[in-house]
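This report introduces a structure to a reader who has not met it before. Please view the sequence and the model together while reading.

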Amino acid sequence: MYVATEAILIALIGATPSYHWDLAGLLPNQSHGNHSAGKDEAFGEWLLTANGSEIHKHVHFSSSFTSIASEGRLSEAEEALYLIARRNRKLKCTFSLTHPANRSYKETGSFLDLFRYRILLGHTLILMFIWFVCSLVYYGLTLSAGDLGGSIYANLALSGLIEIPSYPLCIYLINQKWFGRKRTLATFLCLGGLACLIVMFLPEKKDTGVFAVVNSHSLSLLGKLTISAAFNIVYIYTSELYPTIIRNVGLGTCSMFSRIGGIIAPFIPSLKYVQWSLPFIVFGATGLASGLLSLLLPETLNSPLLETFSDLQMYSYRRLGEEALSLQTLDPPQPADKESPVGSESEEEEEFYDADEETHMIKK
């Protein structure tokens, strides 16, 4: 919302009549500048001294409840819960947290753990590419808004305005069972990629008939809407894919690759001097590729958050049915009578024979 509003405000300021700063009257008044600078320094000193006293009475800086609980800091976790209860006017709530007997909280994560485990390695590589593409396409389409013809200010304002409907739309879709995080992200990335790729099949200058509506301008706005929604979803999706002990490292690493895409984005629109649709081909190909790769990630809707590396066993790249997943969590069956192993083996052979016989009957 901030970037969308920023684009609209930039267009409004740019569309106003020309103005200039009257610096002639400010330069001789050096004493006024020194006085204001002294006030700024005094305010900075007060802010530093007030930190830890007045500010902490109104502003609370603390880790997330999931983070401190997963590290075994139960007293701090209880304080966080009591603070949440007080804010929600639930003063009679009582909490007593204990350590599970089968879990160790001495486990810590590092940057290398993102590539040490096979599942995390796949997740990290795919997410880094998705973040890179989201930033590349988002800022690339924003910066190329002035090359679409017409008023540069109107194009920039529409580029920011088209983002606003994408936010409630993605919030609604990611919470639906029939769509979820993965399908919503893949759909928006693929739609944005296809919208940009279709531009290469349009004539360069033809605004009559169907092409008056379906043109590079409208397709660029559609790509901006979808990539804005995907950029917001990937923040939530990435946080849910990583275990708590390494969530901040994974999110920071993916965000770093996003900034690399933002650095490269200003150079992509200049490819129009080679071929006018080449920037949209780059945006479309990368967007479509990232959308297809996102289908390899697991769905996290209504799933418990991962806490430690041992929780990664529940995820697999293969799509298993709910029955197969439930069978993985069951304990191996214990024999009812340990003194008669021969009888149990004969019963297993009987069951196997019956199943085989039934298979032959089905084939006939």
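## Leu 125 and a surface patch

Leu 125 lies in helix α7, which spans residues 118-143; helices here are DSSP runs of H or I with at least four residues, numbered from the N terminus. Leu 125 is partly exposed, its relative accessible area being 45%, where buried means under 20%, exposed over 50% and partly exposed in between, with a 1.4 Å probe and protein chains only.

Leu 125 joins Phe 111, Leu 112, Phe 115 and Leu 121 in a nonpolar surface patch of about 430 Å². Such a patch links nonpolar side chains within 5 Å, from residues with over 30% relative accessible area and no salt bridge.

## Basis of the model

The model is predicted, so local features need pLDDT of at least 70 and side-chain atom pairs pLDDT 80 or more, while totals for chains, interfaces and linings use all residues. Residues are numbered from 1 along each chain as its sequence is written, and side-chain values use heavy atoms, without hydrogens and water.

## Leu 136 in the same helix

Helix α7 also holds Leu 136, which is buried at 4% relative accessibility. Its contacts (heavy atoms within 4.5 Å) include Gly 261, Ile 264, Ala 265 and Phe 283, leaving aside residues up to four places away in sequence. Leu 136 and Phe 283 are 147 residues apart in sequence, yet their C-alpha atoms are 7.7 Å apart.

## Annotated regions

An unreviewed UniProt entry annotates "transmembrane region" at several stretches, including residues 119-140 and 249-268; such annotations may be inferred rather than shown by experiment. Residues 119-140 are 100% helix and 0% strand, with end C-alpha atoms 31 Å apart. For residues 249-268 the values are 80% helix, 0% strand and 29 Å.

Definitions and conventions
Patches are made of residues with over 30% relative accessible area and no salt bridge: like charges are joined within 9 Å, nonpolar side chains (Val, Leu, Ile, Met, Phe, Trp, Tyr) within 5 Å. Accessible areas come from the Shrake-Rupley method with a 1.4 Å probe; for residues, only the protein chains shown count as cover. A salt bridge is a side-chain nitrogen of Lys or Arg within 4 Å of a carboxyl oxygen of Asp or Glu. Helices (H or I, at least four residues) and strands (E, at least two) are DSSP runs, numbered from the N terminus.
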